[in-house]
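This report covers the salt bridges of one chain and the surroundings of one of its strands. The sequence and structure are shown first.

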Amino acid sequence: MSDFKLFNEIRSGSHYTDPEISNHKALGVSENERGVHILWMYPDVLNMHGSRGDAMALLRFSNIMKLPCTIRRINKLTDEIPFDWADMMFFPSGDLAAVEDIVKALTPVRQQLKEFRDSGKVIFTVGSTGAVFGKGVSFLDGRKVRGLGLLDTVFRQRQRVSGNDLWINTTDGTELVGVQIQMADVKLGKDQEAFGKVVYGRGNNEDGTEGARTKNLIFTHLLGPVLVKNPIFTAELLKLAAESAGLKTDGIVLDEKDISLETASLEDIKTFIGRKISGEIKW
């Protein structure tokens, strides 16, 4: 069975209400075998810009890597979060208006989130949802909402939404491509590490920086969905999560032939953006 058929078998065998999706049976390993444990946080609230595709990308690429993986949905803001179980938390892109409610839900477990981050586990957050982990958000109506303060960032709502392609190089040298639909400008504290440098696009605030990273807590504006479009980066997140669980990751790689479609798509997008950079295409 091909990897894509394997992925479809797992996806089709699951139901919308299933709290977990696992690839153990399809990979032919025991359900008790320790694999990567991922929490898909609040998918019914954080449901913008195709981020459900990002969750499916984590499953698809773990299948290709032959890495056992269980994704557990945390559906309600009132649901208990199993920190001890999880190796990675994925917070999809949501509306800026949802930030206040999510911060309220997570404030009682802020210390546990900090410990999760500091232990080397992965927290990956996309788009406006990144404001949950920053110091706060200033809204156009004058309201100010305090964030969890796990990243030294400040968000300021924009008068107009900014949208464009986004091409960055991360601080560890990984090249990522996607799109940006930005509802708030972001300012980094002087000691806050950016997630990457902008090759093309707006980034945080047209200052050449994009996103923020503290240990394995990563915030990025990249949409696309970002994990679908950038399989090498997705594989690195999965490996970081596996390593935090004490799993061996030697030899766990994505074969180029298994991501040929994604690679070709990335090259097409980079060519298109390059034409905009050169001025051949006016934007």
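In this predicted model, R34 is partly exposed, with a relative accessible area of 34%. The side chain of R34 meets that of D87 in a salt bridge, at 2.9 Å from N to O. D87 sits in the loop between β3 (69-74) and β4, and R34 in the loop between α2 (24-27) and β2 (36-41), so the salt bridge ties together parts that are 53 residues apart in sequence. Unlike its partly exposed partner R34, D87 is buried, with a relative accessible area of 1%.

A salt bridge also joins the side chains of K215 and D118, at 3.7 Å from N to O. This pair links distant parts of the chain, 97 residues apart: K215 belongs to the loop between β12 (212-214) and β13, and D118 to helix α5 (residues 110-118). K215 is partly exposed, at 48% relative accessible area, and D118 counts as partly exposed as well, at 30%.

E206 and R202 form another salt bridge, in which the closest N and O atoms are 3.3 Å apart. E206 is exposed, with a relative accessible area of 61%, whereas R202 counts as buried at 15% relative accessibility, because the cut-off for buried is under 20%. Elsewhere, salt bridges that share partners join E100, K104, D141 and R143 into one network. The count of salt bridges in the model comes to 20. The three pairs described above are listed here.

| Acidic residue | Basic residue | N to O distance |
|---|---|---|
| D87 | R34 | 2.9 Å |
| D118 | K215 | 3.7 Å |
| E206 | R202 | 3.3 Å |

The other topic is strand β5. Which residues of β5 are buried on each side? V122, F124 and V126 are buried on one side, and I123 and T125 are buried on the other, leaving both faces covered. Five of the five residues of β5 (residues 122-126) are buried, so the strand is largely enclosed by the rest of the structure.

Strand β5 has pairing partners in β4 and β13. With strand β4 (residues 88-91), β5 pairs in the parallel sense over four bridges, and M88 has V122 of β5 as its bridge partner. Strand β13 (residues 217-220) also runs parallel to β5, and four bridges join the two. Here the bridge partner of I123 is L217 in β13.

Two of the salt bridges involve loops next to these partner strands: D87 lies in the loop between β3 and β4, and K215 lies in the loop between β12 and β13.

Definitions and conventions: Residues numbered from 1 in each chain as written. Predicted model: local features only at pLDDT ≥ 70, side-chain atom pairs only at ≥ 80, totals over all residues. Heavy atoms only, no water. Buried < 20%, exposed > 50% of the residue type's maximum accessible area, 1.4 Å probe, protein only. Pairing = 2+ DSSP bridges. Salt bridge = Lys/Arg side-chain N within 4 Å of Asp/Glu carboxyl O.
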